[in-house]
Amino acid sequence: MTSVGVEKRGQGDQGHDVPTVTQPGMVPPPQYPGPQQAPWPQQVGPSQQMNTTTNIVITGQPGSSGRPVPREWSSGLCDCFTDMGSCMLAYCCPCYLQCELAQDMGESCCEACLYNWCNPGALFGMRVYLRAKENIKGTLWNDFNLTGGCCSCCYCCALAQLAREVKYIKSTKGYV
């Protein structure tokens with residue numbers, strides 16, 4: 001036979017005595033105190049708020065290399081009619097124009113002239129230097145070919161283009 005009794009072993013959620021069911025010869029299970037907090041989240045007051053800090057480190061944006069996108073030359077290789085003075089100097093007296101460009105770029109005029117007579121590599125070096133410094137699109141292979149590597153007929157056009165670019169940079173920045 002089952003008997004129902006009220007024992008003072010524990011209290012329910014509302015503070016009432018908890019009824020226990022006992023059978024003859026059985027020991028009732030022990031009563032443990034219930035949880036002190038409700039099973040649902042409670043609101044935290046301003047004095048109880050926890051201060052936490054989360055640091056997020058971004059190492060790089062997708063598709064971003066950290067360097068600005070290279071720009072185009074300010075004029076094309078065959079845009080000689082936009083600056084006839086540079087074009088005429090490049091075709092009639094390339095040594096003089098190359099010397100002027102070298103001085104504008106902070107190089108020695110004598111070395112530019114000497115290299116012009118002995119080695120067309122001076123224009124190649126000047127073109128690569130300016131392209132890298134000003135973040136202009138291009139490749140070493142293209143610079144090599146334009147300055148006399150495989151096609152020496154483009155040398156004067158490349159020299160005139162470099163002269164136009166130096167003029168453009170000086171007019172926008174004030175220096176090269």
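Trainee: Which residue follows helix 2, and what is the sign of its phi?
Mentor: Keep in mind that this is a predicted model. Helix 2 covers residues 94–104, with Cys-95 and Leu-97 among its buried residues. Following helix 2 comes Gly-106, and its phi, near 85°, is positive.

Trainee: How many salt bridges does the model have?
Mentor: Side chains of opposite charge can pair when their charged atoms come close. The cut-off here is a Lys or Arg side-chain nitrogen within 4 Å of an Asp or Glu carboxyl oxygen. By that rule, the count is seven.

Trainee: Glu-165 forms a salt bridge with which residue?
Mentor: The closest N and O atoms of the pair are 2.7 Å apart, and the partner is Arg-71. That links distant parts of the chain, 94 residues apart: Glu-165 sits in helix 6, its partner in the loop between strand 2 and helix 1. Glu-165 is buried, at 0% relative accessible area, while its partner, at 25%, counts as partly exposed: that's Arg-71.

Trainee: How many residues apart in sequence are the parts that Glu-72 and Lys-137 tie together?
Mentor: Their side chains meet in a salt bridge at 3.0 Å, N to O. Glu-72 is in the loop between strand 2 and helix 1, and Lys-137 is in the loop between helix 4 and helix 5, so the parts they tie together are apart by 65 residues.

Trainee: Asp-143 and Arg-127 are linked in a network of salt bridges with which other residue?
Mentor: Asp-143 and Arg-127 meet in a salt bridge at 2.7 Å, N to O, and both are buried. Asp-143 lies in helix 5 and Arg-127 in helix 4, so the pair ties together parts 16 residues apart in sequence. The network also takes in Arg-131.

Definitions and conventions: Residues are numbered from 1 along each chain as its sequence is written. This is a predicted model: local features need pLDDT of at least 70, side-chain atom pairs count only at pLDDT 80 or more; totals for chains, interfaces and linings use all residues. Side-chain values use heavy atoms; hydrogens and water are left out. Buried means under 20% relative accessible area, exposed over 50%, partly exposed in between (1.4 Å probe, protein chains only). Helices (H or I, at least four residues) and strands (E, at least two) are DSSP runs, numbered from the N terminus.
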